[in-house]
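User: Could you take me through this structure by way of questions and answers?

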Amino acid sequence: MILDRPVQAIKRVNFLADPSSDRPDWAGRNGNYIRNRNYYQARSYQSDLGGIEFCVCPMPRFGRTGGRETEASGAILVPEIIVDSFTLTARWIFPVAGPSLKNGTITLRGERIVAIEPHGMRGADLDLGDGAILPGLVNAHTHLDLSGLKGKLPPSQDFIRWIRGVVQHRRNLTPEQLAGDIQIGLAGSLKYGTTLIGDIAGQGLSWPFLANAPLRAVVFFELLGLPTNRAEQTAREAQLWLKEHPATSTCRPGLSPHAPYSVRASLFEAACQLAQADQIPLATHLGETPEELELLKHRRGPFVDFLSELGVWDPQGLVHTLEEVIDYGHLLSFLVIHANYLKSNQLVQANRKMTVVYCPRTHAAFGHPPHPFRDVLAEGGRVALGTDSLGSNPDLNVLAEARFLRRSFPGLPGDQLLRMITLSGAEALGWDQETGSLVPGKSADLVVLPLPPKDEPDPHDLLFESDSCISRVMWRGSWIDEHEPPSSRSRAGLKTKSAP
Ligand SMILES: [Zn+2]
């Protein structure tokens with residue numbers, strides 16, 4: 001048996017007999033055992049694969065170990081692993097939920113954080129040097145299935161032209177291409193330190209990839225349908241998909257009625273009811289372009305031609321105002337994607353169930369006027385950042401979104417920026433009890449960012465005023481980055497106590 005992931009440090013291994021075994025008393029620590037005049041040896045080994053392997057070996061009475069066999073002689077042994085704690089340090093630790101700590105420490109046990117302490121309280125097992133330890137990054141909005149569009153459809157002020165290109169692209173994709181595109185997007189997300197992602201997925205197809213990847217996810221099943229029959233069919237498909245995709249320990253379902261120009265009012269309502277019944281989040285693109293506002297207000301504009309071309313134009317089916325949709329935020333966790341043309345008084349609700357998801361580089365690429373996010377923050381609303389897809393963005397690096405914002409608005413406080421790519425995203429996606437900040441009890445999801453060789457009055461500035469890339473990623477207590485020399489990997493994997 002091999003553990004599915006390395007652990008930082010094994011204190012000891014107990015072998016517990018399976019109570020259903022015919023030898024329930026056959027248990028103990030690493031060591032030798034005698035049963036029915038036969039010797040057995042139970043041992044744990046550091047596996048070549050990085051995990052811990054357990055063996056039970058029958059031994060000749062006076063001879064050598066008889067060789068490796070698992071579950072020998074009818075006794076089924078269940079390993080109980082007692083894991084020691086493991087402490088990391090770096091030049092700065094940014095817990096997000098508390099003050100930044102210069103040369104502080106973060107202590108892990110298994111996959112959990114057990115302590116965050118200032119310098120001098122505890123010795124470190126691993127010093128990450130001149131870098132920062134941050135919570136794993138949260139990308140609150142992307143479409144991995146559009147990764148094949150990278151570089152092919154440059155955004156411009158003509159949004160309708162762009163969305164027409166997206167529809168065309170999707171129609172021509174084979175299932176194999178689609179799977180490949182999702183994997184490309186996923187690899188691009190992991191590379192930039194994403195440990196939680198909100199992915200809008202056509203037919204929910206990214207689920208098997210995200211449910212088996214080393215990160216947490218909400219997979220939002222995308223709902224499209226303006227004409228009655230299409231809307232009803234999509235609602236049925238969503239209901240079935242939800243039934244077939246219950247939440248796992250790392251991947252949860254959500255629903256995404258696409259946008260007011262592509263979703264019938266009754267389909268918004270059906271999505272809201274399904275999301276409420278299952279207590280899952282809802283995400284929708286809202287107030288993205290002036291053409292969308294014109295369509296809803298006057299039932300005219302360039303969207304009419306576009307929808308007619310697709311054979312789905314049905315003015316009776318549209319919602320009347322954006323408020324009709326925004327009101328869902330009173331009922332459930334609601335991610336309002338883009339909100340480029342909405343006002344802060346429409347976007348801040350007292351119950352804080354609603355989050356504005358702002359995609360800064362995509363917003364700029366389409367040439368929209370200034371985004372209302374600063375007003376939303378000033379009025380106590382929540383803003384999280386997303387990358388949107390590779391169809392409108394050069395990469396899926398959410399840290400680059402924050403740095404872009406810092407360049408556009410130099411006065412924006414660094415702690416606010418960091419929150420928008422960590423805890424606020426986790427709150428929006430409903431994962432904030434598990435991840436999004438470095439506090440005892442949460443999952444050990446963290447990234448390491450090399451820092452420039454200088455100091456700033458506000459250490460957050462060090463994160464956003466350089467262009468360094470995430471160098472290491474830990475998820476659930478295990479390093480998942482692959483591009484590091486083996487020597488540093490084993491240092492991180494095995495405990496070697498160093499002086500404080
Ligand atoms: Zn989007």
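User: In what order do the six strands of the open sheet lie, and which strands are at its edges?

Analyst: In this predicted model, six strands form an open sheet with mixed pairing. Their order is β9-β8-β13-β22-β23-β24. Two of these strands pair on one side only, and these edge strands are β9 (101-102) and β24 (478-479).

User: Which residue in β9 is the bridge partner of Ile93?

Analyst: Strand β8, spanning residues 92-93, pairs with β9 in the antiparallel sense over two bridges. Within this pairing, the bridge partner that Ile93 has in β9 is Leu101.

User: How many residues of strand β16 are buried?

Analyst: Strand β16 covers residues 216-223. Arg216, Val218, Phe220 and Glu222 point one way from the strand, while Ala217, Val219, Phe221 and Leu223 point the other way, and all of them are buried. The strand is therefore largely enclosed by the rest of the structure, the count of buried residues being eight of eight.

User: Which residue stands opposite Val219 of β16, and which residue in β17 stands opposite Phe220?

Analyst: Strand β15 (residues 194-202) runs parallel to β16 and is joined to it by seven bridges, and β16 also pairs in the parallel sense with strand β17 (residues 251-257), over seven bridges. In the pairing with β15, the residue opposite Val219 is Asp199. In the pairing with β17, the residue opposite Phe220 is Gly254.

User: What is the handedness of the β-α-β unit that β16 and β17 make with helix α4?

Analyst: The two strands pair in the parallel sense, and helix α4, residues 228-244, belongs to the unit along with them. The handedness of this β-α-β unit is right-handed.

User: Where does the largest nonpolar core lie with respect to domain 2 and domain 3, and how many residues does it have?

Analyst: The residues with the most contacts inside this core are Ala132, Ile133, Leu255, Ala271 and Val336. Domain 2 (85-129 + 440-457 + 464-489) and domain 3 (137-429) both give residues to the core, so it lies between them. Ala132 touches, among others, Trp92, Phe94, Leu449 and Leu463, leaving aside residues up to four places away in sequence. The number of residues in the core is 117.

User: Is Ser189 buried or exposed, and what separates its C-alpha atom from that of Asn139?

Analyst: Ser189 is found in helix α2, which spans residues 175-191, and it has 28 other C-beta atoms within 10 Å; because the cut-off for burial is 20 or more, Ser189 is buried. Beyond four places in sequence, Ser189 touches Asn139, Thr194, Ile197 and Leu396. Although Ser189 and Asn139 are 50 residues apart along the chain, the separation of their C-alpha atoms is 8.4 Å.

User: Over which residues does pLDDT stay under 50?

Analyst: The chain averages a pLDDT of 85, and 80% of the residues score at least 70. One stretch under 50 has 35 contacts beyond four places in sequence in the model, and another has 21 such contacts. These stretches are, respectively, residues 59-75 and residues 482-500.

User: What percentage of the contacts between residues at least 6 apart in sequence join residues at least 24 apart?

Analyst: The chain contains 16 helices and 24 strands, and buried residues make up 46% of its 500 residues. Among contacts between residues at least 6 apart in sequence, the share that joins residues at least 24 apart is 67%.

Methods: Residues numbered from 1 in each chain as written. Predicted model: local features only at pLDDT ≥ 70, side-chain atom pairs only at ≥ 80, totals over all residues. Core = buried A, V, L, I, M, F, W, Y, C linked by C-beta atoms within 7 Å. Buried ≥ 20, exposed ≤ 12 C-beta atoms within 10 Å, placed from the backbone. Domains from an automatic or database assignment. Contact = placed C-beta atoms within 7 Å. pLDDT = per-residue confidence, 0-100. Pairing = 2+ DSSP bridges. Helix = DSSP H or I, 4+ residues; strand = E, 2+ residues; numbered from the N terminus. Right-handed = clockwise from strand over helix to strand, strands pointing away.
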